[in-house]
Amino acid sequence: MKRRYARSIIIVFISIACNLSLLLAAARAEARPLLRVGIHQFGSDITEDSSGNFHGMETDFMQALGSYAGREVIFVPGTWEECQQRLEAGDIDVLAGVIKTQKRAETMLFSRLMMGRASDEANFHGELMPYRVNQLHFAVRRDNPELMRELDLAADQLIANRPYFVSHLYQIYYGQRGASELRLTEKEQRFLKRHPVISAVVVAREAPFAYVDEHGELQGTMRKLVDRLEHDLGIELHLVIEQDYASAYKDLGTGEAQILLNADWDVGWAAAHDMDLSAVYLTSYYTTVTRRGKLDRKPRIACLPKQTTDYVLLQRYGKDQIRHYATAEECLRAVSSGDADIAFLRQETA
């Protein structure tokens, strides 16, 4: 095969976000009203350094919330019982890291958005929790709805500007010590017990991303994903291996498979096919493999048949310029032989 040149498509996202409310709050920092926050995980999940600064997921969240609300945050550590009493007496304004229960709702108002998740302890501060995984909220006294409206608005602005803020805090405080393991709700656990084997289709035509070996077994990145899913969920994935997405979609439609493991993150496509998408677990860049020499003014493009690739290429090339091939090897062979001028492939595949 002739030598080929590869030119990478590099996508760089640079973001500088500045919230006007933060600038205004900083300008009037001296006049900020206080926000007294009770913290009850002090000594376990929350620590204090020699300068008197608190460090923890809940305190970091409340500090950021205070900035968006234009308030100066003061932390008041204590036991769960002490924090409850201080909130009821008006000695603190907010209680951080609270699980919402019907009993507590009698005296507290809870934030609209969650600020994290609780550990899977069956008994949390003397009260049996309704689920194995519970959302954490911040809470104010029930007779202080004005403050809750103010803090809810600040939380909305915080998450709108920094949508991965809570996940980032998890990574900082729990990612290093093994506390970020997968935690399932009771409903999820019951489902997996009823379905110990789940069929999943995977399109395997690109080494090393997803391909089959000489024994017909799935290998590559997708094999790693399958192994991880089976280990974490305690189930078996019955694999249906296809060479193209049209066949994979057919398998989903007929019920032969319930999951497509390597679907493009396209919410419109998912909605049209009555499907739900997981969070993105992999970002894949594409590169061009080009023949040496001068290219034709209308180069012939080799690529694998794929909805996303076709959509992007059709914005630049005519439909008559795009040629589909069954495998990545065939795309490269077409460029080498002169049947095509450029091949668009995953960077790791090329």
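**Entry 1: strands 12 and 15.** I began with strand 12, residues 197-203, and found seven bridges joining it to strand 15. The two strands run parallel. I looked up one pair by name: Val202 sits opposite Ile241, a residue of strand 15. I note here that the model is predicted.

**Entry 2: the rest of that sheet.** Which strands make up the sheet, and in what order? I read three strands, ordered 15-12-16. The sheet is open, and its pairing is parallel. Strand 15 covers 236-242 and strand 16 covers 259-260; both stand at the edges. Each has a single partner strand, so one side of each lacks a neighbour in the sheet.

**Entry 3: helix 7, length.** I moved to helix 7, residues 221-233. Does its length agree with or depart from what is expected? I took 1.5 Å a residue for its 13 residues, which should give a span of 18 Å. The C-alpha atoms at its ends are 18 Å apart, so the length agrees.

**Entry 4: helix 7, its sides.** I checked which residues are buried and listed Met222, Arg223, Leu225 and Val226. They cover an arc of only 160° around the axis, so they lie on the same side of helix 7. I then turned to the face pointing away from that buried side. Lys224, Arg228 and His231 are exposed there.

What covers the buried residues of helix 7? I found strand 12, strand 14 (218-219) and strand 15 among the elements that do. So strands 12 and 15, which pair through seven bridges, come up again here as part of the cover.

I also looked just past the end of the helix. Gly234 follows helix 7 and takes a positive phi of about 70°.

**Entry 5: Arg333.** I located Arg333 in helix 11, residues 328-337. Is Arg333 buried, partly exposed or exposed? Its relative accessibility is 48%, so I count Arg333 as partly exposed. I also checked Arg333 against Ala343: they are ten residues apart in sequence. In space their C-alpha atoms are 9.5 Å apart.

**Entry 6: whole protein.** I closed with the totals. The protein has eleven helices and 20 strands. Of its 350 residues, 38% are buried. I counted contacts with a separation of 6 or more; 66% of them link residues 24 or more positions apart. The accessible surface is about 20,700 Å². Carbon and sulfur atoms account for 51% of that surface.

Definitions and conventions
Residues are numbered from 1 along each chain as its sequence is written. This is a predicted model: local features need pLDDT of at least 70, side-chain atom pairs count only at pLDDT 80 or more; totals for chains, interfaces and linings use all residues. Side-chain values use heavy atoms; hydrogens and water are left out. Two strands pair if DSSP finds at least two bridges between them. Helices (H or I, at least four residues) and strands (E, at least two) are DSSP runs, numbered from the N terminus. Buried means under 20% relative accessible area, exposed over 50%, partly exposed in between (1.4 Å probe, protein chains only). Contact means heavy atoms within 4.5 Å. Accessible areas come from the Shrake-Rupley method with a 1.4 Å probe; for residues, only the protein chains shown count as cover. The expected span of a helix is 1.5 Å times one less than its number of residues. The arc is that of the directions from the helix axis to the C-beta atoms.
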